[in-house]
Amino acid sequence: MDPSEIKEKIGRFRILTIGRANAGKTTILRRVCRTRENEIPVIHNRAGKKVDPAVLHASRERGEHNIDNELVFPSNPGFVFHDSRGFEAGGESEFEKVKEFITRRSKETRLKDQLHAIWYCIPMDEASRAFTAGEVKFFSQCDTGKIPVMVLFTKFDALYDVAYAELKSMGKSIKDARALAPTHAEQSFANGPQLEFLKGVRWPPKCYVCLPNMDRDDADCGPLIERTAGTLDNDVLQQLFISTQETNLELCMKYAVEK
């Protein structure tokens, strides 16, 4: 099926983002959609009524949150996002809301109304860098069925300082330690406790991606886009995702040649 036909039939690619406070979710969505400076997303509730961002912000300040709200950035309206605040804030109640949302969306008969992917954001800038009880619960108890889950290790550049210190203690010069820190951080992380944990859970993610420096203007979303495309088993959804994203043109060419 031609990409233009797919877009006409399905419309938008739907993603649920999950993550604790300050996990960098909004920053990533802005990078993926290549938003303009000070661009405000358009938000609609489940009934399709437009929601005032100011009212939404006030609701969040009161601890209220609605996962059914649809968030779209005008710079790339081909993506529609749903947001969960993570489970540390709402405990059991928030966890059940997320499970119910995932189950309900998976039962939708029309592909356009189904949930197409889940991005679970876990920040690496906290001292413990451990999974919270809510995150452990999600990967132990939440069966997402055919909806692929990706873990996004956000703020990964926080590990560069740790790697730099380790390299310095090994006798590397300041210049070499700085140059080697990113690679050393990735190698250490590959054998670290976070990935070991994910290997042993009942419902492991399809894959993971490390995202450093996403707050910079030149942030690279390429690995996130490529990994997401690779998790999609449905060819139609894969084509929709690839044609919707605008940050990785090489991926568009790659899949065009393969198809």
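## A strand covered on both sides

Let's start inside the fold: strand β7 has cover on both of its faces, with V149, V151 and F153 buried on one side and M150, L152 and T154 buried on the other. Do keep in mind that this is a predicted model.

How many of the 6 residues of β7 are buried? The count is 6 of 6 across residues 149-154, so the strand is largely enclosed by the rest of the structure. Buried here means a relative accessible area under 20%.

## The neighbours of β7

Two strands pair with β7, and we can take them in turn. One of them is β6, made up of residues 117-123, which lies parallel to β7 and is joined to it by 6 bridges. If you would like a place to look, find C121, which sits opposite L152 of β7; the side chain position L152 belongs to the same buried face as M150 and T154.

The other partner is β8, residues 207-211, which also runs parallel to β7, with 5 bridges between them. Here M150 of β7 is the residue across from C207 of β8.

## The chain as a whole

Stepping back, the protein chain contains 11 helices along with 8 strands. It has 259 residues, and 46% of them count as buried.

What share of the contacts between residues at least 6 apart in sequence joins residues at least 24 apart? For this chain the figure is 72%. As for the outside, the accessible surface adds up to about 13600 Å², and carbon and sulfur atoms account for 50% of that area.

Definitions and conventions
Residues numbered from 1 in each chain as written. Predicted model: local features only at pLDDT ≥ 70, side-chain atom pairs only at ≥ 80, totals over all residues. Heavy atoms only, no water. Helix = DSSP H or I, 4+ residues; strand = E, 2+ residues; numbered from the N terminus. Buried < 20%, exposed > 50% of the residue type's maximum accessible area, 1.4 Å probe, protein only. Contact = heavy atoms within 4.5 Å. Areas by Shrake-Rupley, 256 points an atom, 1.4 Å probe, with all protein chains shown as cover. Pairing = 2+ DSSP bridges.
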